[in-house]
Amino acid sequence: MSLARRGAPDLGDARNRIVSGASSAASMLEESFAAAAFEACRGAFVRRFDATARAAAAAVDLQRAGGAPLPPLAGLAVSVKDLFEVAGQPTTAASAALTDAEPATADCPAVARLRAAGAALVGHTNLSEFAFSGLGLNPHHGTPANPVTAALDSTPRVPGGSTSGGAVSVATGAAWAALGSDTGGSIRIPAAFQGLVGFKSTQALVPLDGCIPLSPTLDTACAITRSVADAVLVHGILAAREVRPAPRPLAGLRLALPRTLMLDSLDDTVARAFETALATLAAGGARIVEIALPELAELAALNAAGGFPAAESWAWHRRLLAERGKRYDPRVAARIRRGETMAAADYLDLQRARRDWIARVTAALAGFDAALSPTVPIVAPPLAPLVADDTQFFATNGLVLRNPAVVNFLDGCALSLPCQREGTLPVGLMLWAPALADDSVLGAALEIERALAAREV
């Protein structure tokens with residue numbers, strides 16, 4: 001088992017081993033299976049796809065033996081959040097309410113693109129039921145404890161959600177990348193809590209067909225990886241496009257630092273890591289400009305009634321709740337039921353208010369390569385108190401969603417990468433920008449990742 005750490009081998013390194021003949025796809029897949037069997041990965045998977053994964057790896061080894069060029073993912077292990085349809089498998093959103101779901105007749109587009117790129121799809125991963133939490137707790141399948149913090153701290157901590165199992169699969173070496181979804185931070189929060197890279201692309205770039213929705217207005221299909229280079233590779237596959245991250249030196253970057261909301265209530269570990277990261281970037285020549293961005297203070301009022309997730313999840317779940325409400329996690333059901341009282345006129349007003357808000361924030365960020373913020377204002381919190389106490393759970397859940405959810409409301413793109421010193425609890429640094437600035441964000445992130453890694457040398 002190999003817990004994620006800065007400088008650890010990434011997907012690109014693994015592919016090079018197969019291409020060079022230093023290893024085979026089949027043997028590397030068995031290494032991933034071995035990692036999945038360790039205690040650190042317990043609870044990460046809802047169901048495994050071992051046979052089809054082995055067939056995919058074997059096919060890649062046959063291609064190499066025949067001298068054919070290898071596909072981008074080269075038979076390497078990739079996990080899939082249990083929201084996405086995989087041919088021959090049920091899709092249950094890690095919920096007891098869908099335990100009798102019929103197997104999918106075909107891969108959804110995001111899964112099909114990964115499979116076509118040579119991925120060995122190793123299994124459906126666990127999540128907060130129906131993707132409705134930023135903490136990753138699941139009473140049906142168990143909550144996987146954060147494996148990265150466990151190596152640093154004896155207190156079991158949350159994995160982050162909702163893509164909890166996907167992040168654990170990457171952190172432990174059971175997968176090289178994890179397909180997930182991000183509605184308010186569900187890729188970036190677990191990435192931040194586990195020292196991984198999480199890229200939320202512009203929503204429209206990756207199809208959501210065949211994915212159980214939480215909020216169609218905000219949902220994004222995207223991935224967790226070990227490095228920014230891997231994020232570039234996997235995003236290109238999922239979006240079926242050539243990604244062109246602009247190669248800009250650190251001294252050529254102009255980065256916004258919003259003071260409103262995003263820096264409130266930082267714990268000491270996050271505050272230190274974030275300030276140290278800013279100092280490293282400034283010393284490397286990046287121009288960091290503080291801006292007020294008062295529009296961020298409007299979000300609490302705009303979403304006071306539950307926002308798009310409540311309204312849109314109620315529309316999808318109302319019949320299932322009526323039939324099988326007792327099978328739901330009560331905390332998830334309570335959040336969905338908030339949408340029952342939202343009037344159609346209020347929903348349309350929210351759509352109009354969002355369009356106006358996006359226009360104003362986009363104008364304020366014009367001329368910047370990206371904005372910088374802590375991904376989450378706290379490190380991964382202890383698990384037990386959140387299991388035991390509803391009040392603490394909902395307060396903590398709201399806090400961890402606060403920063404990343406800004407980007408979903410903006411219809412923007414964002415990347416979280418680790419910025420903590422080695423040997424300390426993981427902290428995420430988030431680069432974010434308005435819609436379709438994906439390549440700019442990825443290009444800046446490549447340079448920032450290099451700068452942060454260099455300080456450890």
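Let's start with the building blocks: the protein chain has 16 helices and 11 strands. Keep in mind that what you're looking at is a predicted model.

Now step back and take in the overall form. The C-alpha atoms sit in a box of roughly 60 × 60 × 45 Å, taken along the principal axes. A compact globule of 457 residues would be expected to have a radius of gyration near 23 Å, and the protein chain comes in at 21 Å, so the two agree. Contacts tell us something about how the chain folds back on itself: among those with a separation of 6 or more, 80% join residues that are 24 or more positions apart.

What about inside and outside? Of the 457 residues, 58% count as buried. The protein chain still exposes about 16,600 Å², and carbon and sulfur atoms supply 56% of that area. As for charge, there are 40 positive and 43 negative ones, and the mean positions of these two groups are 1 Å apart.

Let's zoom in on one helix. How many of the nine residues of α6 are buried? The helix, which covers residues 164-172, is mostly covered, with nine of its nine residues buried. Those buried residues include Ser164 where the helix begins, a pair of glycines, Gly165 and Gly166, and Thr172 where the helix ends. Just past α6 comes glycine 173, which takes a positive phi of about 90°.

Next, look for aromatic rings. A pair of them is described by the distance of the centres and the angle of the planes. The count here comes to six aromatic pairs. Take tryptophan 357 and phenylalanine 409: their ring centres are 5.2 Å apart and their planes meet at 75°, and since an angle over 60 degrees counts as edge-to-face, that is what this pair is. Where do the two rings come from? Tryptophan 357 belongs to helix α13 (residues 344-364) and phenylalanine 409 to helix α15 (residues 390-410), so the pair ties together parts that are 52 residues apart in sequence.

Are these two residues buried or exposed? Buried means under 20% relative accessible area. Tryptophan 357 has 0% relative accessibility, so it counts as buried. Phenylalanine 409, with a relative accessible area of 3%, is buried too.

The pair also has company. Ring pairs link Trp357 and Phe409 with Phe308 and Tyr347 into a cluster. If you'd like a spot to explore in the 3D view, you could begin with Trp357 and follow the ring pairs through that cluster.

Terms used
Residues are numbered from 1 along each chain as its sequence is written. This is a predicted model: local features need pLDDT of at least 70, side-chain atom pairs count only at pLDDT 80 or more; totals for chains, interfaces and linings use all residues. Side-chain values use heavy atoms; hydrogens and water are left out. Helices (H or I, at least four residues) and strands (E, at least two) are DSSP runs, numbered from the N terminus. The radius of gyration is taken over C-alpha atoms; the globule rule is 2.2 Å times the number of residues to the power 0.38. Buried means under 20% relative accessible area, exposed over 50%, partly exposed in between (1.4 Å probe, protein chains only). Contact means heavy atoms within 4.5 Å. Accessible areas come from the Shrake-Rupley method with a 1.4 Å probe; for residues, only the protein chains shown count as cover. Lys and Arg count as positive and Asp and Glu as negative; His and the chain ends are not counted. The place of a charge is taken as NZ of Lys, CZ of Arg, CG of Asp or CD of Glu. Rings of Phe, Tyr and Trp (its six-membered ring) pair if their centres lie within 6.5 Å; planes under 30 degrees apart count as stacked, over 60 as edge-to-face and the rest as tilted.
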